[in-house]
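Student: I have a model open and would like to work through one of its interfaces and one of its strands. Where should we begin?

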Amino acid sequence: MSEAVVVSGPLRGWRSIATWVGAVIVGLAVFCALFAGWLVPHDPFQQDLTKRLLTPFWMEGHNPAHLLGTDQLGRDYLSRLIWGARISILIGVTVTIVSAVIGIAMGVIGGYAGGKIDDMVLFAITTRLSIPVVLVALAVVGLMGSSLTLLVLTLGLLLWDRFAVVARSTTMQVRNLDFVAAAWCAGSSRFHILAREILPNIASHLVVVATLEIALAILLEAALSFLGLGVPPPLPSWGLMIAEAKEYMFFSPWVIVIPGVALFVLVLGINLLGDGLRDMFGTRTDP
Amino acid sequence: MSAALLEVENLRVEFGGRIAAVRGASVTVARGETHCLVGESGCGKSVTALAVMSLLARGARRSADRLAFDGIDLRDMGETAMSRLRGHRMAMIFQEPMTSLNPAYTVGSQMTEVLRRHKGATRAAATDRAAELLGRVGITAPGLRLGQFPHQLSGGLRQRVMIAMALMCDPELLVADEPTTALDVTVQAQILRLLATLQRDLGLGLLLITHDLGVVARVAHRVSVMYAGEVVESAPTAELFAAPRHPYTRGLLDCVPVPGKVARNAPLGSIPGVVPRIAPGFAGCAFRDRCGQVNASCAGIIPRRTVGAGHAMLCRLEPGWTGAGATP
Amino acid sequence: MLRFLLRRLIVAVLVAATVLTLAFVLTRLSGDLAISIAGPNATQQDVDAVRKAYGLDRPVVIQFFDWVGRALLGDFGESYFFKARVAALIGERMPVTVSLGLTGLVIALAISLPMGVLAAVRENTWADRAVQAVALLGQAMPSFWLGLILMITLGLHLGWLPISGTGSWEHYVMPGIVLAFSAVPALTRLTRAGMIQALGSDYIRTARAKGLSRASILLKHALRNAAIPVVAIAAVQLGFMLGGSIVIESVFALHGVGFLAWESIGKNDFPVVQAVVLVLAVIYVALTMFADILNAVLDPRLRGA
């Protein structure tokens, strides 16, 4: 009795709880990102070498002014963490916008046109999958110098594959439905059909992909920054915070635990929210 | 006929407490007898067969006053003990030969594992037995077929393989759940003839599930008619066809064209309405909404009555009633 | 089947050719290579000398075909920094990366297959939910951070495993675990879905009707069919792992191809970078082809079709 029934509609039980947890985490992170300037208790860039590596609140000898302690240059860790949420969210969202534009355009055109054009789109997807993302992103940033814009463009140009795959397959399903034929018979232009008839009908699938991509982009940014070729210092990216604190991790493990947990929880929250959305829309995005 | 091989009394199967698929069915199969269970789709005949074999899906609840194979109570038997009986002394074949064989293994491998499991046979002995049985079910070049995969065989061939596989351990009871429904018409007749021959030659007790009354007339010793999870009439084949008692049975028989008996231009009968979905706690006759003889007492408790030698029915009507089986 | 393979091969060659071109373009993005190679303190004469020595004074098109022609013969030129043949450098480092990838894959399968089977057999119970939760956690885990945490816990506090380096097989365990984490969610979900589908199939009902033991039903009949897509995806995952090993190799200072690429990026050593990109891409393409073949071998329905 295990027929694969795709259930859409309101979520129940623990699925609903998980989705809410995800929504709260994401909401909190977005709030931090938007209002980081007002939320930070200290200037996240202000160094104070007399207050280096102060311990966080749960450890002995902590300083009440610095809840999460300070880093190796005496900068307030909580402030840098909040500022880091802004970097993560900013990069996650902008990278996803860039890759969504590329991937959706390719997928919809390939899925709608079929034939030779579709073959080309498929070939582009295959080629893209064979390129090692982290390595190429590192190489581009390494060769051209690190800046936020370059990082976003590079990751955006590399992460469109899942958008293209999902947009292509869903467009193929929608293309053959009656209302598309009706629009065609009514003399609508091709662009009109793609933009007004097809896109709204595959949007729910794409939203789910977008959540997955934001999470992926955030993880990749952190990894690149950790390797020293992502966000340029002194910007407080969580990955960069981990990299800068690495030397001290054996003596003060909390210096890498705090930004790592933040990163982990945010990505988990986005994934929980994405899973919830997928169940709610009744869509499947697995390849 | 010797002692009963399979005894089922007042069998009930519910799915998740919402659907009562079988509501007190009773079936007895004697040794060496072909017992046909007939009824429309959804009447619970397949579920009855699966319940007998303890193959119900998870979430199904089974209960019975008696459920015995060769005197062995099956009701509280554990899965391990049951698996020692299944495929060994009681075997089953299914409706869908296309999907009932494992696509990843050869015919030979799937056939021999039964004998190796239950009788501890060696690979060579099991292969010999499999080849012999393939020949027996009318497959030419058994040696070749043993090395083939299911997808290389036609539907008819696969069903023959299923039958041969079920016979590997010389079972006493064979449960066949609509074994010909998914096959081409010409193949259907061949498979049916094969089953009838094997049943006679091997002295099998055969519980044959079907919705085809033509099949019943040709092969059955005894027939039970199921409707909405109940056996509404049960009789020796000849008697049932000659003197059906239950309105539903009569309606069913009216739907079958019999050359020479039905006038050339007369319309075939049909039973109006559909089989109702029965929730637990339903009382009275389930057929009453479609029956031409309905009255107030049909909503009450309906007694099971013996109306002749080995002939029972579940209806308030007197055995000698006349009139149409269902509303015209 | 043969025609299918031939078509896959043609696509693979085209993909490799595209990546070859992209790898070349990639290194020209930064502007004048000669200036970067010569270093910040070089005079105009130094730069001119470098330009001539490395053939950078020729037209770009000539440079491109020169690099393509040599790359096809396995000659990726000479490393600016290591002063050695790039092919030799990569060949020297490749065993480390491949060992790491295989270790990761074995660990990933050893975790995912049992978890996926357990979740499918106990569908919709707490065990199923626990397995799905683990997959979700694995998906959200930043691999480099997990690596550091393992170094602190398993390496420093428990002292079970060496913290970094390439000395013995034990050096591969921790990086292998971290690398496996990236593949576990996908492999577990695929195993679970495949097993649920298999367990609901008619042939499993037949296997039960034959009175086979529970182990035989689960492992021989259900898992065999559920494993076909898993094995194929595992080969593709290995490709992703090799591509992603750059992060883990630099965390654990494992001197593999990824580490080589990372060092080379830092030192503007373009020939090495473009060669590593190309080699990893070709390996990935080869692995996906291998996955298709494996699929055909494991699934009798595709064999000889």
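Tutor: Begin with a charged pair, keeping in mind that this is a predicted model. Arg208(C) and Glu79(B) form a salt bridge, with the closest N and O atoms 4.0 Å apart.

Student: How many salt bridges are there between chain C and chain B?

Tutor: The pair Arg208(C) and Glu79(B) is a salt bridge. Polar contacts between chain C and chain B, with both residues at pLDDT 80 or more, come to 16 residue pairs. For salt bridges between chain C and chain B, the count is three.

Student: Which element gives the largest share of the side of chain C that touches chain B?

Tutor: At least two residues of that side come from each of α9 (202-209) and α10 (214-252) of chain C. By class, the side has nine charged, six polar and five nonpolar residues. The largest share, six residues, belongs to α9(C).

Student: Which three residues supply more of the area that chain C buries against chain B than any other three?

Tutor: Chain C and chain B bury about 2,200 Å² between them, 51% of it on carbon and sulfur atoms. Of the area that chain C buries against chain B, 27% is supplied by three residues: Arg205(C), Arg208(C) and Lys210(C).

Student: In β8(B), what is the bridge partner of Ile93(B)?

Tutor: In strand β7 (residues 90-93) of chain B, Ala91(B) and Ile93(B) are buried on one side, and Met90(B) and Met92(B) are buried on the other. β7(B) pairs in the parallel sense with strand β8 (residues 173-177) of chain B, over four bridges. The partner of Ile93(B) in β8(B) is Ala176(B).

Conventions: Residues numbered from 1 in each chain as written. Chains lettered and ligands numbered in written order. Predicted model: local features only at pLDDT ≥ 70, side-chain atom pairs only at ≥ 80, totals over all residues. Heavy atoms only, no water. Buried < 20%, exposed > 50% of the residue type's maximum accessible area, 1.4 Å probe, protein only. Pairing = 2+ DSSP bridges. Buried area = accessible area lost by both parts, 1.4 Å probe. Salt bridge = Lys/Arg side-chain N within 4 Å of Asp/Glu carboxyl O. Polar contact = N/O pair within 3.5 Å; in protein donor to acceptor, adjacent residues only side chain to side chain. Nonpolar A, V, L, I, M, F, W, Y, C, P; charged D, E, K, R; others polar.
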